[in-house]
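Visitor: I would like a close look at a single part of this model, followed outward to whatever it touches. Please keep it plain.

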Amino acid sequence: MSPPVDRIASDETLPEAVDVVVIGAGIIGVAAAYHLAKKGHSVALIEKGHVGAEQSSRNWGWCRQQGRDRHEIPLARASLEMWGGLHEEIGADLGFRRKGVLWVTKDQKELAGWERWANDARQMQVHSHMLSAAEVRERLPDSTEGWIGGMETPSDGRAEPSMAAPALAAAARRLGVKLFQNCAARGMETKGGAIDAVVTEKGRIRTQAVLLAGGAWSTLFCRRHGITLPQAMVIGTAFRTTAAPVIREGALGTPGYCIRRREDGGYTVALRGRGRLELTPDGLRYARQFWPTFKQRAAKLKIRLGSAFVTELFQGASWSFDRETPFERTRVLDPSPDMTLVEEALGMLRAAYPSLAGIGCAEAWAGSIDSTPDAVPVISPVDGHPGFYLATGFSGHGFGIGPAAGRLAADIVSGDTPIVDAHSYRYSRLVDGTRLAPAGAL
């Protein structure tokens, strides 16, 4: 089931030419289009379905620095600053509230690891505080759990995934971005080895710069053009509850459940680290690169061989631009949620908080999380393909760091000084033999 997401209008007529075509109107593509327009570029934003309909509306809604991989901390810090000012800048509510993030644990080893992370992050101007058991009880007075301690970052926040990407896309349109929904990008044409045009199902747009922010679809699009992009898909389940008493206004992470207070009076809930890994030819193709991270996280994943394997095996990657493509056959990727995880999480919440005894599931959904071998995104030009850029592989972290990731992508496409050092996000690390570390932090 698809979670609700605000809908906005599209433009009608494709432009003959633009400075930049952005493919994919999730939070990353929308933010990039917005910042490109602010820099004065003409932009066409192409989306096969509708704005924010895939992982950008299916995530937890956390906007955090806390627990980030050290490579992502600069983007997380820049994004928190942007989240705080976007409401005023674009004149629309994205649901952002600076209510903090709190992680709690019963594991002394985990607590020690958090303390090491907090000490390191402090050198990067992230001020997270370690909490004693008594301090956790003060923050969660209704909990029946025996937490031994925790880590809190008051400057972190939460936003509403159903609102954020559409609101920012509407702001981008006001700056002149042309938005085309239900319009799949079939591929790119080149001239003299460089990007010359994007072919969509509704026509051709001449351009010398293409930014692919296609999330789960990026690897398939790249393969059509002979470009290797190692990504794995993890299916994550989340749900929203019925209206419930406040146990915490911000986000709360535990070894089992993770919750985020919603503006509608309920919570968005998921199980920490739990998901479904559907085996596909891509997964086997890139298995060696993903092995270190897979070993680290396999215990919490359900591994399945199903229809996704057959679909990917037979759809191929050599389609003609004048015929229907896989992007048109699946307008919105809408995997089935794992209802056993929903019931498990509800059981944990009811047991931990007597005031939530009557809580129920109002709606459940699943999303396909595009992950890289080191769980760090790619925001980069693609070597050997002048004019082609990537912003993908956000590994479940894209919503929170979306505003600054879009700005970084816009800086790179424009040739401007990047908002943060982009070296860690370079595409080449995935294909040049660089030894990649397993996924780090939370």
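In which order do the strands of the open sheet of six strands lie, and with what pairing?

Guide: The model is predicted. In the open sheet of six strands, the order is β8-β2-β1-β12-β21-β20, and the pairing is mixed. Two strands form the edges, β8 at residues 178-180 and β20 at residues 378-381, and each of them pairs on one side only. Averaged over the sheet and with direction ignored, neighbouring strands are turned by 15 degrees against each other.

One pairing in this sheet can be followed down to residues. Strand β1, residues 20-23, runs parallel to strand β12, residues 210-212, and three bridges join them. Valine 22 has leucine 211 in β12 as its bridge partner. Helix α1 packs on the sheet and touches β1, β2 (43-46), β12 and β21 (388-392). The direction of α1 makes about 170 degrees with that of β2.

Helix α1 also has a helical partner. Spanning residues 27-38, α1 packs against α12, residues 398-414, at an angle of about 45 degrees, and the axes are 7 Å apart. Because of that angle, α1 counts as oblique to α12. The crossing of the two helices is right-handed. On the α1 side the contact is made by Ile27, Ile28, Ala31, Ala32, His35 and Leu36. On the α12 side, the residues met include Gly398, Phe399, Gly402, Pro403, Ala405 and Gly406, and Arg407 is also among them. Further along α12, Ala409, Ala410, Val413 and Ser414 take part as well. Sorted by class, this contact of α1 with α12 has 11 nonpolar, five polar and one charged residues.

A second open sheet has three strands in the order β9-β10-β11, with antiparallel pairing. Its edge strands are β9 (185-191) and β11 (203-206), each pairing on one side only. Here the average turn between neighbouring strands, direction ignored, is 25 degrees. Strand β10, residues 194-200, pairs with β11 over four bridges in the antiparallel sense. Threonine 200 stands opposite glycine 203 in β11.

Strands β13, β15 and β16 make up a further set of pairings. Strand β16, residues 267-271, is mostly covered, with five of its five residues buried. Both of its faces are covered: Tyr267, Val269 and Leu271 are buried on one side, Thr268 and Ala270 on the other. Strand β15, residues 257-261, runs antiparallel to β16 and is joined to it by five bridges. In this pairing tyrosine 257 stands opposite leucine 271. β15 and β16 form a hairpin with five residues between them, and glycine 265 in the turn has a positive phi of about 95 degrees. β16 is also joined to β13, residues 232-241, by two bridges, and these strands run antiparallel. Phenylalanine 239 has valine 269 in β16 as its bridge partner.

Strand β13 contains valine 234. The contacts of valine 234, leaving out residues up to four places away in sequence, are Arg276, Leu277, Leu301, Gly367, Ser368, Ile369 and Ser371. The C-alpha atoms of valine 234 and glycine 396 are separated by 9.1 Å, although the two residues are 162 residues apart along the chain.

To return to the part asked about, the mixed sheet is bounded by β8 and β20, and α1 packs on it while also packing with α12.

Key
Residues numbered from 1 in each chain as written. Predicted model: local features only at pLDDT ≥ 70, side-chain atom pairs only at ≥ 80, totals over all residues. Heavy atoms only, no water. Buried < 20%, exposed > 50% of the residue type's maximum accessible area, 1.4 Å probe, protein only. Pairing = 2+ DSSP bridges. Axes fitted to C-alpha atoms, helices over the stretch in contact; angles between N-to-C directions. Parallel < 35°, antiparallel > 145°, perpendicular 65-115°, else oblique. Left-handed = near helix turned anticlockwise from the far one by under 90°. Contact = heavy atoms within 4.5 Å. Nonpolar A, V, L, I, M, F, W, Y, C, P; charged D, E, K, R; others polar.
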